[in-house]
Every structure is written in structure tokens, then in C-alpha cells.
Amino acid sequence: MTTLIIGAHGHVGQHIVKQLAATGETVYAGIRSATQADSITTLGGQPRIVDLMGTAEAMVPAMAGVDTVVFSAGSGGSTGDDMTLNIDLDGAIKSMIATEKAGIKRFIIVSAMGTDDRTFWDKSGIRPYYVAKYYADQWLRHRTDLDYTIVRPGILTNDAPTGKITLDTANSDIKSISREDVAAAVVAVVKHPLPKQTFELVNGDTTITDAVAAVK
């Protein structure tokens with residue numbers, strides 16, 4: 001099985017590359033610049049340039065020989081709302097279009113908990129981010145024929161991984177999750193496909209493998 005991670009140089013993306021490569025998976029790491037290649041190679045990934053500011057058609061060559069595409073790219077908190085739209089929304093949608101053009105069926109996207117709840121957007125303080133995530137997820141669900149999985153983590157932290165999560169986020173006092181545990185959940189989905197599924201996750205008491213396996 002071969003996977004392309006778009007946004008491989010991001011905080012979560014690097015963890016996905018490292019963890020997935022450690023399982024023996026062939027991991028192509030989508031990066032925006034060749035200057036990021038050495039760090040990706042160290043993690044076990046094989047760098048491929050993926051320009052989210054370019055066209056969907058230009059992304060297709062980077063998907064050669066790929067079985068699964070994972071979108072984990074984000075503009076980051078230091079950029080403006082324009083880049084949130086360009087990367088988190090338009091970049092995600094162009095990646096979906098390119099995936100279909102490449103003849104690939106499986107697409108996993110790292111979204112965010114609370115994305116479907118418009119009343120939460122204003123409370124979050126980062127409304128444009130949630131708008132972008134919402135419409136990217138909607139496009140994936142309703143404008144593609146991809147066998148998608150939407151992974152929606154809570155507040156991301158750099159805490160040490162626990163290896164345990166809960167998908168019952170509404171009844172959990174915990175609203176955060178370590179980036180390494182998010183990556184482990186994505187790896188679990190790559191290994192055990194969950195087509196046409198969306199789930200939220202925060203740190204909890206169930207092993208990641210068991211929690212993902214229980215998704216219906």
C-alpha cells in the first residue's frame with residue numbers, strides 16, 4: 001500500500017509520515033519546497049512537490065502509484081485569512097479533484113472538531129478556519145465520489161502521546177488531543193479503511209486501534 005501525505009511538513013503531517021513509514025508503508029511526502037526534502041527523508045518519507053497554490057492538474061503527477069491520499073495541510077496560525085482560504089479550503093478541494101483525476105479512490109482529510117456547528121465558529125475566535133474546514137468537508141462529502149474519511153480532532157497540543165482516545169467527544173471533559181495521537185489515528189485509518197465516515201476525537205481511555213475499529 002502506498003500513501004501520499006499532503007502537508008507532510010506540517011506539525012501533524014510529520015508525525016503521520018514518521019509513524020506510517022515505521023509500519024513498512026511506502027510514504028510519499030507532499031511538500032511545497034525542495035528545501036523541506038531532507039527533513040522528510042529523515043522521517044522515512046519520499047519527497048514529492050505538491051503546490052497547493054497551483055492547479056489541480058499540476059498535482060496529479062505527484063499521485064502516481066498512490067493508493068491513498070491524506071490531506072493534512074494547513075496555512076498555520078501565523079498567516080492571514082487569505083491563506084486559510086487558499087490552503088485549508090481551495091488547496092483541499094484541488095487535492096480532491098486531483099485525486100479523482102489520478103484515479104485514486106481513498107482520501108483522508110484532517111479536519112477539526114466542531115466544524116459542523118456554526119454556533120461554535122464565532123466562539124472559537126478563528127471563524128475563517130472553521131468556515132474553510134466546513135466547506136472543504138462538504139465538498140468532499142457531496143461533490144466527489146471518493147471513499148473519504150474525515151478525521152476531526154479537538155484542540156491540538158504538543159503533549160506526549162497517550163495512545164488512547166475517545167470518539168464520544170460530546171460526553172468527554174477533555175477537549176484536546178496530542179498531535180502524535182491524531183497522527184496515530186490517521187495511520188489506523190490508512191491501515192483499516194473507513195469509507196464515507198466522519199468522526200471526532202480527543203484524548204480518552206480507549207486505545208486508538210480499538211476506537212477506530214469501532215467506527216460504524
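What follows is a short exchange on how terms apply to this predicted model.

The model is predicted, with local features needing pLDDT of at least 70 and side-chain atom pairs counting only at pLDDT 80 or more, while totals for chains, interfaces and linings use all residues. Residues are numbered from 1 along each chain as its sequence is written, and side-chain values use heavy atoms, leaving out hydrogens and water.

Me: What makes helix 4 roughly parallel to helix 6?
Reply: Helix 4 (residues 81-101) and helix 6 (residues 127-142) pack at about 10 degrees, axes 9 Å apart. Roughly parallel means under 35 degrees, so helix 4 earns that label against helix 6. Axes are lines fitted to C-alpha atoms, for helices over the stretch in contact, and angles run from 0 to 180 degrees between N-to-C directions. Helices are DSSP runs of H or I, at least four residues; strands are runs of E, at least two; both are numbered from the N terminus.

Me: Which residues of helix 4 and helix 6 meet?
Reply: Contact means heavy atoms within 4.5 Å. From helix 4 the list includes D81, L89 and I97; from helix 6 it includes P128, K133 and W139.

Me: Why is T2 called buried?
Reply: Its relative accessible area is 12%. Buried means under 20%, exposed over 50%, partly exposed in between, with a 1.4 Å probe and protein chains only. So T2 is buried. T2 sits in strand 1 (residues 2-6). Among its contacts, leaving out residues up to four places away in sequence, are E25, Y28 and D67.

Me: Why is K196 called partly exposed?
Reply: K196 has a relative accessible area of 41%, so it is partly exposed. K196 lies in the loop between helix 7 and strand 10 (197-203). K196 also has a positive phi of about 60 degrees, though it is not a glycine. Most residues other than glycine have a negative phi.

Me: How do you know that helix 7 is largely enclosed by the rest of the structure?
Reply: Of its 13 residues, 11 are buried, so that description holds for helix 7. Among the buried ones are R179, D181 and V190.

Me: What span is expected for helix 7 (residues 179-191)?
Reply: The rule is 1.5 Å times one less than the number of residues. For the 13 residues of helix 7 this gives 18 Å, and the helix reaches 19 Å from first C-alpha to last, close to the expectation.

Me: What makes strand 3 (46-49) and strand 11 (206-207) edge strands?
Reply: Each pairs on one side only. Pairing takes at least two DSSP bridges between two strands. The open sheet has 9 strands, ordered 3-2-1-4-5-6-10-8-11, with mixed pairing.

Technical notes. Parallel < 35°, antiparallel > 145°, perpendicular 65-115°, else oblique.
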